[in-house]
Amino acid sequence: MENLSNTLNVGDKSIVLPKKQGTLGPDVLDISKLYAQTGMFTYDPGFTSTASCESGITYIDGDEGVLLYRGYPIEQLAEHGDFLETCHVLLHGDLPNSTQKADFDYRVTRHTMVHEQMARFFQGFRRDAHPMAVMVASVGALSAFYHDSTDITDPTQRAIASIRMIAKIPTLAAMAFKYNVGQPFVYPKNDLDYTSNFLRMCFCVPCEDYKVNPILSRALDRIFILHADHEQNASTSTVRLAGSSGANPFACIAAGIASLWGPSHGGANEAALKMLGEIGTVENIPHFIARAKDKNDPFRLMGFGHRVYKNYDPRAKIMQKTAHDVLTELGIKDDPLLDVAMELERIALHDEYFIEKKLYPNIDFYSGITLKAMGFPTNMFTVLFAVARTVGWISQWREMIEEPGQKIGRPRQLYTGSPRRDYTPMGKR
Ligand code: SDX
């Protein structure tokens, strides 16, 4: 006897919807045959109740504030590992042993240079172009340089494209930063770890030696771990949909960067820091809280709320601690922005509106304070998010491509436009 809970009555038809169970989290009802059986679509514009795929990469329990990469809790990976180890976990499914770690680090390190022609590609931009615009363009342009890793049907090319993306994204990000500030590009150095290499490419200038601060490098490496993947968020879903047509991985990652740029998504870290600056002092907080609660005011507290987390974003807790570590290391005793952020969080978490709507700080709330203290301008914050998320995007892209029976994604719609009507000649309009 079919489990009655899976039966859907549509008009005079009774449709059985098969239920699929995962390892963790909600079960799903398979509706893939619904249109054929009923002539009706389901309707879920923001995908609030829709699972778009099956995945074994990242699991989020929004009610409990849990985030697992391949089953490993984010807190443990951030505490004990480094970013390239997390890249191995996401891409290959498990923690690397010492040989695998050394090999992975070696392969990524030796792909950090970009084709020398890329430097000329940058010259076409205005110096004040937003670095995210430069990133969308330059990552998409990689497919014009690396033809030997764009055949998505070849597992070897998929593997090399994945390594190239992870390896070259920090180099392109540093180039976007240097171009924006009018300083010469800095080449990667193979004797530096991934994040130290990135910091040096961003902050080294030809006039003097640059010594990486290991505390800051460790802090940024941890920030990359926190941002590495997050289930089927908007930008990851964009990468999957772009990839489902067979587009090459560089073009798919460029699409992901474009989606991440929005202030409701990865652009929130830049918007959150601007908001903290706009609030300015602790005394102004009540006014902005009132605006956030006012239905007629489009203002929202940037860095607050989440589609999935209805509890504290576990990444935000680690980000807050990292902010304190960095400010302490840099001898920044009283950062007014941090004071405003801490007080804003305290007030919001005790306010009925935020409690009832389950609005907590998300990963973007504290990241800007840390990145600003490290010397990054606000227009680089979302670029740094993209650097970290590239491994998540490419891991999810590979999982989608390697899915048996993978099909192009092609949603339908509820049509509310004009019924059929005939063309009216100009003289009769
Ligand atoms: C990221 O998906 C991911 O996993 C994303 C991400 C990742 O790692 O990939 O986690 C990264 O994008 C984090 C989120 C960053 N964005 C922001 O901080 C922008 C501010 N937050 C919001 O815009 C909002 O919370 C979203 C976009 C994050 C989530 O929006 P939802 O799930 O569509 O929720 P909603 O807009 O329907 O809000 C529910 C209610 C609404 O009130 P009602 O209409 O029900 O009365 O909560 C209110 C909203 O008005 N609300 C807020 C609010 N966020 C939601 N009110 C004030 N301030 C806010 N920040």
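This is a short exchange on how terms apply to a predicted model with a ligand.

User: What are the ground rules for this model?
Analyst: It is predicted: local features need pLDDT of at least 70, side-chain atom pairs count only at pLDDT 80 or more, and totals for chains, interfaces and linings use all residues. Residues are numbered from 1 along each chain as its sequence is written, and side-chain values use heavy atoms, with hydrogens and water left out.

User: What makes Arg 307 a polar contact of the ligand?
Analyst: A polar contact is a pair of N or O atoms within 3.5 Å; within protein, one must be able to donate a hydrogen and the other to accept it, and residues adjacent in sequence count only if both atoms are side-chain atoms. A polar side-chain atom of Arg 307 lies 2.7 Å from a ligand oxygen atom, so the pair meets the 3.5 Å limit. Lys 357 offers a side-chain N or O atom 3.0 Å from an oxygen atom of the ligand. Ser 264 uses a backbone N or O atom, 2.9 Å from a ligand nitrogen atom.

User: Why is Phe 121 called partly exposed?
Analyst: Buried means under 20% relative accessible area, exposed over 50%, and partly exposed in between (1.4 Å probe, protein chains only). Phe 121 has 32%, so it is partly exposed. Phe 125, at 21%, also counts as partly exposed.

User: How do you know that Phe 121 and Phe 125 are edge-to-face?
Analyst: Rings of Phe, Tyr and Trp (its six-membered ring) pair if their centres lie within 6.5 Å; planes under 30 degrees apart count as stacked, over 60 as edge-to-face and the rest as tilted. Phe 121 and Phe 125 are 5.9 Å centre to centre, with 80 degrees between the planes. Phe 177 and Phe 203 have centres 5.7 Å apart and planes at 70 degrees, so that pair is edge-to-face. The structure holds 19 aromatic pairs.

User: What does Ile 166 touch?
Analyst: Contact means heavy atoms within 4.5 Å. Leaving out residues up to four places away in sequence, Ile 166 touches residues including Leu 84, Phe 104 and Tyr 194.
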